[in-house]
Amino acid sequence: MEESKYNATVVGKILLRPDIMTLRLDTDEPREKFNAGQYTLLGLYGREERSPNSTPETDPVEPDKLIQRPYSIASATNQLEQFEFYISQVKSGQLTPRLFNLQPGERIFVSKRIVGVFKLAETPLNQDVVMVATGTGLAPYLSFLRSYLVDRPESKMAIIQGAAKQWDLGYYSELTFLDSTFENFTYIPTLTEADSTWNGHEMWIEEMLEKNVLKDEADIDIDPGKTHFFLSGNPKMVEKVSGWLLKKDYSKHTRKQPGALHVEEFWS
Ligand SMILES: Cc1cc2nc3c(=O)[nH]c(=O)nc-3n(C[C@H](O)[C@H](O)[C@H](O)COP(=O)(O)OP(=O)(O)OC[C@H]3O[C@@H](n4cnc5c(N)ncnc54)[C@H](O)[C@@H]3O)c2cc1C
């Protein structure tokens, strides 16, 4: 058996729901400076136990195989030895059932490389920023806000978070607190299956944009010359909202071609 590649320790695990958690990891060595919005690889060996509420593997993984997947960093960029992740369990998946079985003090692999072009840093300081998320797609925005909210007072920032029910709105308390504390930040949650206790929005994200909710609540214009959009999470949401924005003259940001529409797709 080769030497273990584990190089980090679990220092915190909070289950927000049976299949959603925040995971905090201390790396043995500090990582190099990174940009809010970037991701790294987490890994566990096939021999690790799966969580009790996952489904059995149809295709078992070799015990000595290091299963690695990318995860967006949710913590601030000034923390180079402790990282927070916001993770949803795919019950039939290879890695997440093993991640959900971890306990504080246990060991894990965290890649030394932090990469990705989904970065707030390149957005001009005087331009506004709209961050749209479903599920754990919120993770990169937590890093944006924790790293930059105070440093960008001239930039109006808004998070539009789409979910089915109230309890699917991860980090609701932190986002509500930031909304009430910072003049330049607006939090706009919207639900598609709300119960009668919900007083907020109940519409799809494209509908919300169409109805000018951003202008009314955050004084933000949908204009590629003034406002950058970030979309992160469920591929269907990303496809629908980016389709709507492309019709409003937005163009996708790539490494070679700068644009005001930034996209990070992953199931969440
Ligand atoms: C750049 C990037 C950043 C990411 N950041 C995060 C993050 O911050 N938090 C997070 O939870 N995930 C994130 N992901 C997704 C993550 O990398 C894994 O794909 C996910 O955790 C599933 O891994 P797994 O090994 O358990 O499942 P796998 O064994 O890889 O997946 C099994 C199958 O399920 C599908 N699948 C994957 N995820 C889901 C899902 N959620 N629901 C339904 N089907 C799914 C896959 O397409 C695959 O066919 C990110 C992905 C990318 C590309």
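**Strand E7 and its surroundings**

In this predicted model, Ala133 stands opposite Gln161 in strand E8. Ala133 belongs to strand E7, which covers residues 128-134, and this strand is a useful place from which to read the structure.

E7 is mostly covered, with seven of its seven residues buried. In a regular strand, the side chains alternate between the two faces of the sheet. In E7, one side carries Asp128, Val130, Val132 and Thr134, while Val129, Met131 and Ala133 are on the other, and all of these residues are buried. Both faces of E7 are therefore covered.

The neighbours of E7 within the sheet come next. Strands of a sheet pair through backbone hydrogen bonds, either parallel or antiparallel. E7 pairs with E8 (residues 157-163) in the parallel sense, over six bridges. Within this pairing, Met131 has Ile159 of E8 as its bridge partner. E7 also pairs with strand E10 (residues 227-233), again in the parallel sense and over six bridges. Here the bridge partner of Val132 is Leu231 in E10.

These pairings are part of an open sheet of five strands, in the order E9-E8-E7-E10-E11, with parallel pairing. Strand E9 (185-191) and strand E11 (261-265) stand at the edges; each has a single partner strand, so one side of each is left without a neighbour in the sheet. On average, and with direction ignored, neighbouring strands of this sheet are turned by 10 degrees against each other.

The connection from E7 to E8 involves a helix. E7, helix H2 (residues 139-148) and E8 make a right-handed β-α-β unit. H2 lies across E7, E8, E10 and E11, and runs at about 150 degrees to E7.

At the level of the whole chain, the domain assignment gives domain 1 (8-110) and domain 2 (128-265). The C-alpha centres of these two domains lie 25 Å apart. Their contact takes 15 residues from domain 1 and 13 residues from domain 2. On the side of domain 1 that touches domain 2, the elements giving two or more residues are strand E1 (8-17) and strand E5 (82-88). E5 gives the most to this side, with four residues. By class, the side of domain 1 that touches domain 2 has nine nonpolar, five polar and one charged residues.

Methods: Residues numbered from 1 in each chain as written. Predicted model: local features only at pLDDT ≥ 70, side-chain atom pairs only at ≥ 80, totals over all residues. Buried ≥ 20, exposed ≤ 12 C-beta atoms within 10 Å, placed from the backbone. Pairing = 2+ DSSP bridges. Right-handed = clockwise from strand over helix to strand, strands pointing away. Axes fitted to C-alpha atoms, helices over the stretch in contact; angles between N-to-C directions. Contact = placed C-beta atoms within 7 Å. Domains from an automatic or database assignment. Nonpolar A, V, L, I, M, F, W, Y, C, P; charged D, E, K, R; others polar.
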